[in-house]
Amino acid sequence: MPAPQSIEHENLAELLRIMAILRGPNGCPWDRDQTLSSLKSFLLEETYEVLEAIDGNSATEHQEELGDLLFQVVFQSQIQWERGYFNFNDVAGSIVKKLRRRHPHIFGCESDLSREQIAANWRKIKLEERLKKGADTSAIAGVPRHLPALFRSLRLGQKAAAVGFDWETEKEILDKLREELDEFTDAFHAGNEQEIKAEFGDLLFTLVNIARHLDIDPEEALQKTNETFESRFRRVEKTLSEQGMHVEDRSPEQLDILWRQAKKAATADS
C-alpha cells in the first residue's frame, strides 16, 4: 500500500496568502468583485475541465485542472471568511470529521463488515446526520438539483434502488420502456404539447434506469454518441466541400446516402 500523500504546507499557505492579497484592498479588481453567486459558473466550468483532463489521460493536465478547481474552493472559503463564517481550514476539518464518522469500520470499533453492511451503515449514518440537522430525511434526499438531468436521474434511481424501490428483472424494465414509448407515441399523435413533453421525460427517465441496470453511465454514453455524430457530420461536410457544395445544397435523400458513406468510412477507420 502506498504511503499517504504528503503536502508542502508552504505551498498551501502561499495559495491562501495569494488569495487574501487578490481579495485585499490593493488586490485584483476582478477578484474583489466576485461573489459566491458569480463564482458558481466558474466552479461548474472547472469541474468539467477536470473531467475532460481525466478523459484526455494526461497527468499534467489533470494536475493543472485540479489546481484550478482547488482555487475555486479556496476562493469561496475566502469570501466566507471575510463574512465571518468559516475559512479553508474549517472546510478541511469538516470533511476530515465526516470521513472518520462515516467509516466506523476503519476508524471505529466496527470491523469485518461486508460491502452490503458497510453500504447500509453509510446510509444509516447519513440519515442520523440529517435528523440531527433537521434536514430532509427522504431516501432520495441529497441529490443536487443543479446536476445535469441525466446524472440526476441516475442518482435518484440509485438512491431509490438502495432501499428496494426498483425493478427486479430486466424484462420488467424493458416492459416499462415499451409502455412509456407507447404513451409517448399516443401523446405525439394527439398533438398535446404538455403531454408530449411529460411523456418524453418519462421515456428518458426509463432509459436512464435501464442504463443503471446495465451498469452504463448514461452521460458518458450520450457524450460518446455526440462525438460519433459530430465526427460523421464533419465527414459529410468535408465530402460536400470537396465538391464545392454545402449541406443545405443537398436533399434529405442525398444527405442520407452521404451519412451512410461517412458511417461506413468511420467503421473502416476504427
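## Glutamines on α4

Contact here means heavy atoms within 4.5 Å. With that cut-off in hand, take a look at glutamine 80 in this predicted model. Leaving aside residues up to four places away in sequence, glutamine 80 touches Leu36, Tyr85 and Phe86. The residue sits in helix α4, and its relative accessibility is 14%, so glutamine 80 counts as buried.

Helix α4 also holds glutamine 78. Is glutamine 78 buried or exposed? Its relative accessibility is 14%, under the 20% cut-off, so glutamine 78 is buried. Again not counting residues up to four places away in sequence, glutamine 78 touches Met19, Ala20 and Arg23. Take alanine 20 from that list: glutamine 78 and alanine 20 are 58 residues apart in sequence, yet 7.1 Å apart in space, C-alpha to C-alpha.

## How α1 meets α4

Two packed helices are described by the angle between their axes and the distance between those axes. Here's how that works out for helix α1 (residues 9-23) and helix α4 (residues 59-82): the axes come within 10 Å and cross at roughly 60°. That angle makes α1 oblique to α4. As for handedness, α1 passes α4 in a right-handed crossing.

Which residues make the contact? On the α1 side they are Leu15, Leu16, Met19, Ala20, Leu22 and Arg23. From α4 come Leu70, Phe71, Val74, Phe75, Gln78, Ile79 and Glu82. Sorted by class, this contact of α1 with α4 has ten nonpolar residues, one polar and two charged. So glutamine 78 turns up here too, as part of the α4 side of the contact.

## How α11 meets α12

Further along the chain, helix α11 (residues 218-242) pairs up with helix α12 (residues 252-269). Their axes come within 9 Å and cross at roughly 115°, and the crossing of α11 and α12 is right-handed.

In α11, the residues involved are Phe229, Arg232, Phe233, Arg235, Val236, Thr239 and Leu240. They meet Leu255, Leu258, Trp259, Ala262, Lys263, Ala265, Ala266 and Asp269 in α12. The class split for this contact of α11 with α12 is ten nonpolar, one polar and four charged residues.

## Cysteines

How many disulfides does a search of the whole structure find? The search comes back with zero.

Two cysteines are worth a quick look for their accessibility. Cysteine 28 has a relative accessible area of 27%, so it is partly exposed. Cysteine 109 has 77% relative accessibility, and therefore counts as exposed.

Key: Residues are numbered from 1 along each chain as its sequence is written. This is a predicted model: local features need pLDDT of at least 70, side-chain atom pairs count only at pLDDT 80 or more; totals for chains, interfaces and linings use all residues. Side-chain values use heavy atoms; hydrogens and water are left out. Axes are lines fitted to C-alpha atoms, for helices over the stretch in contact, and angles run from 0 to 180 degrees between N-to-C directions. Helices (H or I, at least four residues) and strands (E, at least two) are DSSP runs, numbered from the N terminus. A crossing is left-handed if the near helix is turned anticlockwise from the far one by less than a right angle, and right-handed if clockwise. Ala, Val, Leu, Ile, Met, Phe, Trp, Tyr, Cys and Pro count as nonpolar, Asp, Glu, Lys and Arg as charged, and the others, Gly among them, as polar. Angles under 35 degrees count as roughly parallel, over 145 as roughly antiparallel, 65 to 115 as roughly perpendicular and the rest as oblique. A disulfide is a pair of cysteine sulfur atoms within 2.5 Å. Buried means under 20% relative accessible area, exposed over 50%, partly exposed in between (1.4 Å probe, protein chains only).
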